[in-house]
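Thank you all for coming; I would like to take a few minutes to walk through one model with you, going from the chains as wholes to single residues. Please have the structure open while I talk.

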Amino acid sequence: MMIGEHLTKQYGRGDATVTAIDDMNFVIEQGEFVGIMGESGAGKSTLLSIMGAMNAPSEGALIVDGIDVYNLGQEQRADFRREFLGFVFQSFHLIPYLTLEENAMLPLATIRMPQRQKRTMAREALAAVGLEGKNKRLPHQISGGEKERTAIARAIVNQPPIILADEPTGNLDSRTSGEVMELLQRLREDGTTIVMVTHSLECAGYADRIMQVADGRMVEATGRKETTAQAA
Amino acid sequence: MTLKQIAIQNLLRRKGKAMLILLGLVLGIGTVITVISFSDAVTGDINHKLEKYGANILIVPRTENLSLNYGGIQMGGISFDMQELRESDLTAVKGIKYAKNIAAMGPMALGAVRIKERPVMLAGVDFEEALILKPWWKIDGVQPVAGGLLAGAEAARVLGLAVGDSVTIAGKKQSVTGLLKPTGSQDDQLLFTTLPAAQDLLDMPGRVSMVEVAALCTACPIEEMVKQIGAVLPGAKVMAIQQVVKGRMETLSQFKKLSFGVSVIIILIGSLVVLVTMTGSVRERKEEIGVFRAIGFRKQHVMRIILMEATLIAISAGIVGYLLSMGATRVALLFFADNPHVALPWNLTLAAGALIMSLVVGVSASIYPALTAARMDPNDALRAL
C-alpha cells in the first residue's frame, strides 16, 4: 500500500517559489491500477517522481508498506527503489550498448546472484512481454513498441510490487499502445500495483481509478466506468 | 549482468572515447618511460665513458710528508714517519658496503732504479687492472710477464730502448717486451713491470706504494666510499679525485633533473586528458546514469562502473605505453645518443612502474568524473519522470 500524506513540493525561494504539488493526500491499495491525468505542468510528473523515491517532498510523507520513504538515507532509498519499484519511462531509456537481455537484467546487476539465474529471470521477463527470441538484439534494432516492452521487462524482472509508468504509450501508435496497455493490465491482474501518468483517455480506461491533478492539487478521483465513458 | 560487464560493454560501444583516453595515457606514460629509459641508457653509457677517464680514488700510505712540488718543478720532500701499505691489507677493501661499485683496483709498487747510469722510476703494476684503469694505453709489442719491461714513450727515448732490448736492474737481466705509445701523462716517464717483479727488484716484498681505484658511482656517494675504504685501511690516506667525480655526478644529476621535469609535465597533461574526456563522457551518459540510479544502483555502484572503465583503460595504457616507449627509446638513441648501440634491456621494474603509474594517473584523474556521476540526481538526469 502506498500512502501520500500532505505531500507538498515547492521549487525556488521567496517570490520565485513555485508550488508543483500542494498538500496532496492519497492511498493506493496493493494490486490497484491507478492513472494520473492532468494538463501539462499540472504536477503529475512531479508526483510520480515523489512516488518513485527520487524527489523528496518539501513537506509531507510518502509511506509504502509501512516504510516512510523520505526518512531513509539516499543510498537506502536506492535500495528501496531496487526492491519495491519498477520504472517504465516514456522515452524508454534503454541502454543503447546493451542487448535487450542485458537491459532487462540491469536491475539485477547489483544483486549477488548467479549469472545464470539472472539470465533466466531476464529471459522470462522478455518472454512475458512477448520478446522471446530477440534477447541478443540491440535497442536500435527493434521498433518503438518493442523498446517499450523491453522497458517493461526491465521494470518487472525483479518482480517489484509497484510499477510506475510515465506515459508509457506516449511515443507509440494506437495498436502498439493497446498491446502495451494489455501487458500492464496483465501485470495488475498478477497483483502488481500500477501507477501510470497518461494524457490518453483510452489508456486511462485500463485503470481502476484516475487521479486528476490540476495546479498541483488532486481535483478529482474517478472510477474505471466513468473514464471509459469519457473515452467513448 | 554485473557492474564489470556494464563497464566493458560501455568501453566497447564508445570505442572513440575509450581510445582518446587510452591515447592520452599512452602518450603520458610512454613519454615518461621513454625519458626514464633513455636517461638510464644514456647515463649508463656516460658512466661507462667516464670510467675511461681512469681512477677516481687514490690510496697512498699515510705520511707526514710535505710535498715540495709546484707547477711540475720537483724540489724533493721531507718525510716523517711514513707508514707502509701492505698488499695483503687490500683484501679488506673488497668487504666495504659499496664494494660492488669498485670497477678496478690497481696496486702499484714504485721505486727509483738506475739503467745505463740514468735514474728512472720503475712501477710494478697488475696489468689486468691497469688496462681497465688506463684504457687509453696502447702498447707496441706485448705487455710484460714476470721479468719483462714495458717502457713509457719518453723513458724509451731517453734510455734508447726498443722492443727486444735487455737491461739490468738490481743485478737482474730484464728484457723490454713492449713500448707504451705517448699518453701525455707521467706514465710516459716510467718503466713498468709486473707487481711481484717490481717488489723483488725494489726490495719491498708484499708492500705497495699506492693503489688506484676506479669506482662506478652512479648511485653511490664517492665520499662515502672514501670513508669506507679509509675505515678498513687505517694506515692509508684515501683521497677522491674530486674533479672527475664532481663532473661525473653533475652530468648524471642534470640528466635526472631533466627527466624528472619532463615526466611531471607529461603526467599532468595525461591526467588532464583523462579528466576532461572522462568528465565529458559522464555528461554524455547523464540519462544512462539516471536510469542506473532510478532502478536502484547506489552511488558507489555508479562510481565503480566509471572507475572500472578507467582501470581497464589504464591497464591497457600501461602495457601499450611500456612497449611503445621501448621502441621510442631505441629510435631516440639512434638520433640523440653518441653511442646508438647502448644496451636497452627489458626492464620488469620499469614495466611494473609503467603499469602502476598508468593506474594511478588513470584512476585518480577519473575520481572527480566518477563522483560527479555518482552525485547526479536521477530525477534531474531523467527529466522524463
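**Around B:Val363**

Let me begin with one residue, B:Val363, which, once neighbours within four places in sequence are set aside, is in contact with B:Leu307, B:Ala310, B:Thr311 and B:Ala314. Before going further I should say that this is a predicted model, and that everything I describe has been computed from it. B:Val363 sits in helix H10 of chain B, and with 18 other C-beta atoms within 10 Å it is partly exposed. In sequence B:Val363 and B:Ile306 are 57 residues apart, yet from C-alpha to C-alpha they are 9.2 Å apart in space.

That brings us to the pair of helices themselves. How do H9(B) and H10(B) pack? Their axes are 7 Å apart and the angle is about 155°; angles over 145 degrees count as roughly antiparallel, and that is therefore how H9(B) and H10(B) run relative to each other. The crossing in which H9(B) passes H10(B) is right-handed, and the residues of this contact divide into 21 nonpolar, six polar and one charged.

Now to the nonpolar cores. Which residues touch the most other members of the largest nonpolar core? They are A:Ile36, A:Val195 and B:Leu25, in a core of 117 residues, and the largest share of that core, 13 residues, is supplied by helix H9 of chain B, residues 299-336. If we leave out residues up to four places away in sequence, B:Leu25 touches a list of residues that includes B:Ile313, B:Ala314, B:Ala317 and B:Gly321, as well as B:Ser358, B:Val361 and B:Gly362. Notice that B:Ala314 is thus touched by B:Leu25 and is also in contact with B:Val363. There is also a second, separate core, of 44 residues, and among its members are B:Leu150, B:Leu195, B:Leu202 and B:Met225. As general background, nonpolar side chains in soluble globular proteins tend to be buried together.

Let me step back to the chains as wholes. Chain B has 385 residues, of which buried residues make up 38%, and it has 11 helices and 14 strands. Among the contacts in chain B with a separation of 6 or more, 82% are between residues 24 or more positions apart. Chain A, with 232 residues, has 49% that count as buried, and it contains eight helices and 10 strands; there, 67% of the contacts between residues at least 6 apart in sequence join residues at least 24 apart.

How many residues does each chain give to the contact between them? Chain A gives 28 residues and chain B gives 23 residues. On the side of chain A that touches chain B, the elements giving two or more residues are helix H1 (44-51), helix H2 (74-84) and helix H3 (100-105), and H2(A) gives the most, with five residues. The residues on that side of chain A divide into 13 nonpolar, eight polar and seven charged.

One element of chain B that I would ask you to find next is helix H8, residues 286-294, where seven of the nine residues are buried, so that the helix is largely enclosed by the rest of the structure. Its buried residues include the charged-type names B:Glu288 and B:Arg293, alongside B:Ile289, B:Val291 and B:Phe292. After H8(B) comes B:Gly296, which has a positive phi, near 110°.Finally, there are two backbone details. Most residues other than glycine have a negative phi. A:Asp65, however, has a positive phi, near 45°; it lies in the loop between strand E4 (59-64) and strand E5 (67-68) of chain A, and with 13 other C-beta atoms within 10 Å it is partly exposed. B:Asp203 is not a glycine either, and its phi is positive, about 55°. Is B:Asp203, in its loop between helix H5 (195-201) and strand E12 (207-208) of chain B, buried or exposed? B:Asp203 counts as exposed, with 9 C-beta neighbours inside 10 Å.

B:Asp203 also lies 9.4 Å in space from B:Gly111, C-alpha to C-alpha, although the two are 92 residues apart in sequence. B:Gly111 has its place in strand E5 of chain B, residues 102-115, and is in contact with B:Leu122, B:Leu202 and B:Met204, leaving aside neighbours within four places in sequence.

Conventions
Residues are numbered from 1 along each chain as its sequence is written. Chains are lettered from A and ligands numbered from 1 in the order in which they are written. This is a predicted model: local features need pLDDT of at least 70, side-chain atom pairs count only at pLDDT 80 or more; totals for chains, interfaces and linings use all residues. Two residues are in contact if their C-beta atoms, placed from the backbone, lie within 7 Å. Helices (H or I, at least four residues) and strands (E, at least two) are DSSP runs, numbered from the N terminus. A residue is buried if 20 or more other C-beta atoms lie within 10 Å of its own, exposed if 12 or fewer, and partly exposed in between; C-beta atoms are placed from the backbone. A nonpolar core is a set of buried Ala, Val, Leu, Ile, Met, Phe, Trp, Tyr and Cys residues joined through C-beta atoms within 7 Å. Axes are lines fitted to C-alpha atoms, for helices over the stretch in contact, and angles run from 0 to 180 degrees between N-to-C directions. Angles under 35 degrees count as roughly parallel, over 145 as roughly antiparallel, 65 to 115 as roughly perpendicular and the rest as oblique. A crossing is left-handed if the near helix is turned anticlockwise from the far one by less than a right angle, and right-handed if clockwise.
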